Structure formats: structure tokens, C-alpha cells
Amino acid sequence: MDGLKNNEIVLEVRGLYKKYGNNLVVNNASFQLERGKIYGFIGQNGAGKTTIIRMLAGYARPNAGEISIFGDSTVKGLSDGRKRMGLIVENPSLYTKMSAYDNIEIQKMLYGIKNDGLAEELLTLVGLAGVGKRPVKNFSLGMRQRLGIAMALVNNPEILVLDEPINGLDPMGIVEVRELLLKLNRERNLTILISSHILSELYQLASDYIIINQGQIVEKMTLEELDSKCSNYIIMQPEDMPAALSLLNRMGITEIENGGNGFIRFRNNDNNNVRAIAQACLNEKILLTHFSVQAESLENYFVKLVGGANNGQAF
Amino acid sequence: MGKLFKIEMKKLYKSTAMRIMLIIVVVLSLISVASYAFIDSMGNELVALTFKITGHDIYIALLQDNSDTILLITILMAILIGSDFSARTLQMQLSAGYSRMQIVVSRFLSSIVAFLILFALYMLCMAGGITAIFGFGPEVTGDIIGNLVLKTVMCVFMSFSMIALYMLICFLLKSTGSSIGVCLPFMLIGTSILQALAMAFKTCKFIIELTPFGQIMLIGEDLNNLEIVKFFAVGAVWIIGMILINHATFKNAELK
């Protein structure tokens, strides 16, 4: 990876359109992936995530628009670029009658890789070392997903595109895959585009987010931007409400919502406020029967952005 | 391309379907040879007069009608290509940077290898078995061997064109069940209909002679040089044509 710079655009999608019959599945989608970042690709079922990934993989052709991999959008350039990518689209592509070991050997042959110890190394990496000789047809969904990841890593890719890779994994498996992807990103400076319905998981993994709704990219942002957009609220229940409101006003907090039953809520964009407000209430001898910080999650933000339950399937 | 072909060979080597096909070929041949031996052992004079078979006869007969091996190879292709689509292993090759033409050609070449193995085994078991029991027939001369080699090459070559046609169907239908469902009735009924049409109408005969089905029936006849050239030309046009049509349809196919 010598000589490779972060901030380098490794993959770019410009004005992509895809129609199936009269159904416009992808509508003018544009985004860029920078080297070394992990992108969470978020959207409802049918939003167009998998269709875009399939076009990136070369399984489907866009009706309009352009895909550029490593700065090359020619047919040959895309074909060469894809050799430097690892992919899992929906379910891993596996020869189910063969063993995990044979599947990796076939993938090695596909890329012309001669490294003898690679299969064992990758199976160990994804926690399948002990079952490498077993036929894949006997594998659980989680084991297949892990094998799919191992196969996607055979060609030592620079970009990893994973469509729902944690589908069917148990909680331990989800943690293991997350740790694995973070490790790969850290150690190999791997760019990862990962779509998932488990938004809490993406929040722990991704450094950037691309949100798609009804075929359109509706938001692109970094984790920091997401955090700043996901407002924190302080919720408190003071025994002496007038004294508490007066104190908050004096501290410059004027937009206060009344939640009923003696609860009030106000925005907290600076975590230092929490300690200051609690200390001030203590100093003014205002007894608080409830004091908590409420943060809006990625799920809440996503639901708010795409219109919640009124706009298709909720998460 | 070489890598894809090697992968196809590995798949074939590991394929349970291929092993079953090999067993079927051996069992089928043994049953046929045993039944000929049984009929002969009955000692019926009438049967002996009308039913005199030799290794040479059976070899020529199998070259004229090798529908058994074509049927087996079509089922095998339907299984392998169908599972490539359903398990998305074809897509894996696309994302590894291989062109759709390379994918189609590698499948064709591996099908040819599988066919050659099945064909050689079938011929060996049938003609070998009959020769062992009833003898080869004519005296083995250079002319006889030359004629058998030529007819074998013709049969194999024309079989390639049929394989190309059935592979096109497998690629178009993308599913094992559907491919078998379309190919088998065509092989079992369709070819008989073509033969009947060829006998009934001159125009049909002319058209059918431009297909592998029409040409392969001519193998048993004494062909002049022009007819042999026509035979190979028809086969080559079909092979190239089917592969190009296959590529053209697969090129625009949306893969899931």
C-alpha cells in the first residue's frame, strides 16, 4: 500500500440511473469513496442499495451515469478495477458442494494467486480454521457469511463492498465481523462500503454514511457530522420548576420544552453543559428527581430523514 | 481464460453429477452388451440371421446416433450452469474481471472435455464389450481404421455444435430444472419430428441438412470430399454462431 494516499478517491459514482421496466430504481445517484474510510450505506428495502452495488460489481448495467474505479471509467478500467475489489452481493457466492478450503482455492485460481498458506490464513482470520474441510452445504448462514468475507479478501483488495454481510450472524458473530472489518481497515487501509439494516452496528463501524431513499442519495456525511446532527437532549424533573427555569435562562438556555408531569427537555450540543447544569442546580439547591441525557440515534435520524413509517418500511 | 478453464476442470473433477454420469455410462453399456450376449446365447437361428452384430457395427451405429452421450452432457451442463447462476458463482468470475465471452467460452470448453470423457468411455465400453464377445467384424486394415477415425472426428465435431446449442439454452434459462425441461423433450421428440419432416418434405430436408441434426445422420454413409467439407462447415458455423448468440444474450443479461 506504499504510495497510496488517504483522501484519494478510489471509487466514484456519477449520476447513476437504473430502470426496471417503468420502475426507476436508482435515480441520479452520485457519491465518492475515499481511500481508507468505512462507508455505511443505509437505505430501506428496495431503496436501491443492492442495485447500485450490483452495478459496481458489473452484474447490472446502468441506464445512464458513470462508475469510475481507481479513476478509470472505461470498460477495461472497470474490469481491472474490479480485480482490486472484494465483493459480497446479498449472499456470498459459494460452491456449496465443495469445502470452505476448496472454495478459497478456487477463488485463488480465479485471481491467479499462488500463495500456498493463504487459504489457512484467511480461514483462521474469519474463525473457520477448524471447519475448512467441511462441505459448505453444512455451514450455517453465519459461517457462510464469514467464508464469503474470507473469499472477498483472497485478492488482497483495496476496496471491500459488502451487501448485508452481518445478515444471519449471531450477536457474537456480529461483533467478530465488526472487529475483523475494523482490523482490516486499520491494518490494510482498506476502503469499505457496507450496507446493513442493523444501523446500530453501522454506527459502531462506519466513519462515513451514505443514505439512499427511493433510489436517490439523500444525505452523505461523516460520523462527526452525524453526531452533531443527532442532537442530545437533557431531560430533568426539578422539584422547584420556576427556580430551575430561571437558572437555565441565566445560563443562556431558553428553548425549553415542557414534557408534562414536571419534566422539561432542552437541547444539549456541548457535553460539558451536563456537568455545569448539574453543578449549578446543586449550588442553587434545586432538587432534581430526574436528570438524564437523551441522544438521538442513527436509527432516529434515518427515520426522520426518510419520513419514518409514512414512507415505506420502518426499521 | 486459462484460469477459468482450470477452475471449470476442478469443478468437473469435484462434481458429483459428473461421477454419476460416468457410472450411468458404464452401467448402460454393460446392460446393452449383456443384452446382446443374452440374445445371442438363446441360440435362435432366426435371431442369429437378423441380429448379427460386431464391434465395428456398434461403433458406427453409435457414431450415427450418439444421443445418449449428448443427453447426459446436456443434463450435466444444465446442472453445472444452473448452479452457477443460482449460487452466483458466475458473478464471482465477472467481478474478478473476466469478460462474459471468456465465461461462455470456458463453459463450452469444459463441456467439450466432459463430453469427450463420457463419449470415450461409452465407446470403449460398448464397442470394446461387443468386440470381446462377438469380434470386431471386418479385418482391421489401414482403410478401416482411417474411415473410423474420420467418422469419429466428424461425430465428435458435430456433437460440439449440438453442445453449443444446448449450452445456449442453459444460459438463456439460467436454471437447471428449466434447462432440462426444455432440452430433453426437444432431444427426445424434437429430433424425431425433424427426421419425419425431412422425409416428408424436400424443403425441410434441405433446411435440416444445414443443421447438426441433419448432418450427423449422414455419418454412416459414404461421403465424398465435398460432402465432408460441407459437414465440417455446417458444424463450424453452428459452433461459432451458437457461441456468438450465447455471448450476445448473456452480455446484456442482468445477473442477480
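**Entry 1: the contact between the chains**

I began with the chain contact in this predicted model, and counted 18 residues of chain B in contact with 23 residues of chain A. I then asked which helices of chain B each supply at least two residues of the side that touches chain A. They are helix 1 (2-14) and helix 6 (89-95) of chain B. Helix 6 of chain B gives the most to this side, with 6 residues. By residue class, the side of chain B that touches chain A divides into 6 nonpolar, 6 polar and 6 charged residues.

**Entry 2: Ala60(A)**

I next looked up Ala60(A), which I found in the loop between helix 1 (49-57) and strand 4 (64-69) of chain A. Is Ala60(A) buried or exposed? I counted 21 other C-beta atoms within 10 Å of Ala60(A), and the cut-off for a buried residue is 20 or more, so Ala60(A) is buried. Not counting residues up to four places away in sequence, I listed what Ala60(A) touches: Lys18(A), Thr51(A), Arg54(A) and Met55(A) in chain A, and Glu254(B) and Leu255(B) in chain B. I also took one distance: Ala60(A) and Cys281(A) are 61 Å apart in space, C-alpha to C-alpha, and 221 residues apart in sequence.

**Entry 3: the nonpolar cores**

I turned to the largest nonpolar core, which has 136 residues. Which of its residues touch the most other members? I noted Ala150(A), Ile194(A) and Ala164(B). Helix 8 (residues 142-173) of chain B provides the largest share of this core, 14 residues. For Ala164(B), I recorded contacts with Phe108(B), Trp238(B), Ile239(B), Met242(B) and Ile243(B), leaving out residues up to four places away in sequence. I also found a second, separate core of 7 residues, including Ile234(A), Met236(A), Leu248(A) and Ile277(A).

**Entry 4: strand 6 of chain A**

I examined strand 6 (residues 159-163) of chain A for burial. Here 5 of the 5 residues are buried, so strand 6 is largely enclosed by the rest of the structure. In a regular strand the side chains alternate between the two faces of the sheet. I therefore checked the two faces of strand 6 of chain A separately, and both are covered: Ile159(A), Val161(A) and Asp163(A) are buried on one side, Leu160(A) and Leu162(A) on the other.

I then traced the pairing. Strand 5 (residues 85-88) of chain A runs parallel to strand 6 of chain A and is joined to it by 4 bridges. In this pair Met85(A) stands opposite Ile159(A). Strand 6 of chain A also pairs with strand 7 (residues 191-195) of chain A, in the parallel sense over 5 bridges. There I found Val161(A) opposite Leu193(A). Between strand 6 and strand 7 of chain A the chain passes through helix 6 (residues 171-188) of chain A, and I recorded this β-α-β crossover as right-handed.

**Entry 5: the antiparallel sheet of chain A**

My last look was at an open sheet of 4 strands in chain A, with antiparallel pairing and the order 11-12-10-13. Which strands form its edges? Strand 11 (256-260) and strand 13 (288-295) of chain A do, each pairing on one side only. I noted an average twist of 25 degrees from one strand to the next. Within this sheet I followed strand 10 (residues 232-238) of chain A, which pairs with strand 12 (residues 263-268) of chain A in the antiparallel sense over 5 bridges. The bridge partner of Tyr233(A) in strand 12 of chain A is Arg267(A).

Conventions:
Residues numbered from 1 in each chain as written. Chains lettered and ligands numbered in written order. Predicted model: local features only at pLDDT ≥ 70, side-chain atom pairs only at ≥ 80, totals over all residues. Contact = placed C-beta atoms within 7 Å. Nonpolar A, V, L, I, M, F, W, Y, C, P; charged D, E, K, R; others polar. Buried ≥ 20, exposed ≤ 12 C-beta atoms within 10 Å, placed from the backbone. Core = buried A, V, L, I, M, F, W, Y, C linked by C-beta atoms within 7 Å. Pairing = 2+ DSSP bridges. Axes fitted to C-alpha atoms, helices over the stretch in contact; angles between N-to-C directions. Right-handed = clockwise from strand over helix to strand, strands pointing away.
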